[in-house]
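Subject: Structure for your review

Dear colleague,

Please find below the structure I am handing over to you. A summary of what was found in it follows.

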Amino acid sequence: MEGNKLTDANLKHVAIQDSFWDKYIDLVDEVILPFQWDLINDRVEGAEKSYCIRNFRIAGGEEAGEHKGMVFQDTDAAKWLEAVAFSLNKNRNQKLEKAADQTIDLIAAAQCEDGYLNTYYTITGNKRWSDLFEGHELYTAGHMIEAAVAYYQATGKRKLLDVVCKFADYLCLVFGPEEGKIHGYPGHPEVELALVKLYRITGNRNYLWLADYFVRTRGENPCYFLNEDCIKNGNYIFPEFKDFDLDYNQSHMPLRQQQTAEGHCVRAVYLYSAMADLAYEYQDESLIRQCETLWDNIVNRRMYITGSIGSASYGERFTGDYDLPNDTNYSESCATVGLAMFSNRMFHLTRDGKYMDIVEKALYNTLLAGIAMDGKHFFYVNPLEVVPDTVKKNPTYRHVKTTRQLWFGVACCPPNIARTLASLGNYIYASDKNTLYVNLFIQSSAECQLSGTGVSVRQECDYPASGTVTLSVNPQEEGREFTLAVRIPSYSRGAVLKINGREETVQPEKGYLYLKRMWEKGDVVVVELNVPFRYVRSNPRVRHNIGKVSLMKGPVVYCLEEVDNGNYLSAAVIDTRVEPEEEYDHELLKGTLCARLKGVRIDYGKAGDSLYGEEKPVYKEADFKAVPYSCWNNRGEGEMIVWMREKE
Ligand code: ZN
């Protein structure tokens, strides 16, 4: 594998024109990025102030004042810059680029002589690195590095890259095993994967080494955090942290011994993403196995069908195997972004399509559910079952919101969703020297180099409404042999392959059809995937879902909403012997494929008033309309349910 590693498609060479995805991607350019710019400049009426840009001005000496906002407030600017960079890959919007350049000037001015960069610690004068457990300095550094790498790749401008290289050089002097250096690691992982990105673009192996150091030393006994002031003397920035055990941030034992995914989900999947990066760079087989173990534990024991993770709101964390309550879960949007990042990296390591199945599940369900079609309202928490009246009255649900929230001051999820949408091309294609992988079915075109010639590929599809995927292949020079690898998702039972109109039989290997041939200009590959509506059941160890089904089409999970089906959705019982009927709703999100289901439901008109009694409920015939989970709550507040009772 060494020498012919798989990499993302270069975003500059992927153009998406897809009727389903464009409406979300356009939101990023047209609404989210300008809105976020106003937010971080405190110009949005009615929104909590961010102070983010102001903090940079103060740290840079342009303005007097105190630091305001969270310790990690700088990341708002970093995440905005990163999403702007991804957007500039497609279109050099002058206004956005100018705003980004100005922000970079401010950031550069706020950098200390020695390379340190963090407005909270610079302005307050608090001791640097004194609280790795909760100070978020390395986390903030990580987001700044990611922004700089993306901005350099999009624009060729080095200013921010130079800033973060100076910062990273300084980090290499501060952290490490040598006497006099800090032997610690971040409380919130993020800098590890960022340092790998910085290494890849600069070639400076010190950065890779530092990322590896952070991962290698994490959880060594005795745990570094136990000797910090916050844990030792109870001086916490975040009071709730005093109740968290070390597994909250995956430092309870050396990472290489951890067999299960534990703790805060976003921290976990950012960390595992870095582990996968390191396994890739060092071609470290045992680390690959370790990543597989953790990924399997998540996906086969601890993940919701919607591609979200975090069964508990307390600690926003993993709990135990098969513990997947549908209404009290946390399922943070950011954690789903992280799961997609981790899974995409696992695909790069192994070329196994099962990892892309999860990327796709995460993107089509929880990621999109997080965002409203006005681009200004978001879900942070993503339950699979909501009864608004109960959510409002029962404090167990205080983390759950019954409508998407206007983007407020502390906001990790909205920019994370934005950067994922803006970089979607990274997930659609991947390539090595002679193979182009087509991972996702999103109408688009891509340019790449295969077997020494430029190749353009155009993908046409209307997925997953239809399973037909047409790929037109155009090599600049003919007579070169290369491979097109087309993913066959695990849920597609069988697929029909035609090359230039002729049916061919190729057996998939680990979820991909490998089509190796001498390609000629105008060659056309058609793959007919089999994506009917299907009912999916849980492993019966998930007690919350016993006797229940969920409806899926391809990667898309469906749900019932009150607006279509009335209330008491728990009383709906689906007759799964009846095939779901397709129903196209022209109104819902500018056009959405829905489904009609048959079944019965409790007749509440015939239920008495007494709380308890011996009578059985009376059922009546009913039909139901199911809509994609990602579309829920776009027509006002109401009940929603993913797992529906199944008729015996
Ligand atoms: Zn978040």
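The expected span of a helix is taken as 1.5 Å times one less than its number of residues. Please note that the model is a predicted one. By that rule the 18 residues of helix H12 (residues 285–302) should span 26 Å, and the end C-alpha atoms of H12 are 25 Å apart, which agrees.

At the N-terminal end of H12, Asp 284 acts as a cap, with a side-chain oxygen 3.1 Å from the backbone nitrogen of Ser 286. The buried residues of H12 include Leu 287, Ile 288, Leu 294, Trp 295, Ile 298 and Val 299, and also Gln 290, Glu 292, Asn 297 and Arg 302. Among the elements that cover the buried residues of H12 are H11, helix H13 (333–350) and helix H14 (353–369).

Ile 298 also figures in the largest nonpolar core, which has 230 residues: together with Trp 129 and Leu 484, Ile 298 touches the most other members. Helix H11 (residues 265–282) supplies the largest share of this core, 13 residues. Beyond its neighbours within four places in sequence, Leu 484 is in contact with residues including Leu 436, Val 457, Leu 471, Tyr 514 and Trp 519.

Turning to the strands, there is an open sheet of five, in the order S1-S6-S7-S11-S14 and with mixed pairing. Its edges are strand S1 (7–8) and strand S14 (512–518), each of which pairs on one side only. S1 runs antiparallel to strand S6 (residues 429–431), and two bridges join them. Within S6, Ala 430 stands opposite Asp 8.

Yours sincerely

Key: Residues are numbered from 1 along each chain as its sequence is written. This is a predicted model: local features need pLDDT of at least 70, side-chain atom pairs count only at pLDDT 80 or more; totals for chains, interfaces and linings use all residues. Side-chain values use heavy atoms; hydrogens and water are left out. A nonpolar core is a set of buried Ala, Val, Leu, Ile, Met, Phe, Trp, Tyr and Cys residues joined through side-chain atoms within 4.5 Å. Buried means under 20% relative accessible area, exposed over 50%, partly exposed in between (1.4 Å probe, protein chains only). Helices (H or I, at least four residues) and strands (E, at least two) are DSSP runs, numbered from the N terminus. Contact means heavy atoms within 4.5 Å. A polar contact is a pair of N or O atoms within 3.5 Å; within protein, one must be able to donate a hydrogen and the other to accept it, and residues adjacent in sequence count only if both atoms are side-chain atoms. Two strands pair if DSSP finds at least two bridges between them.
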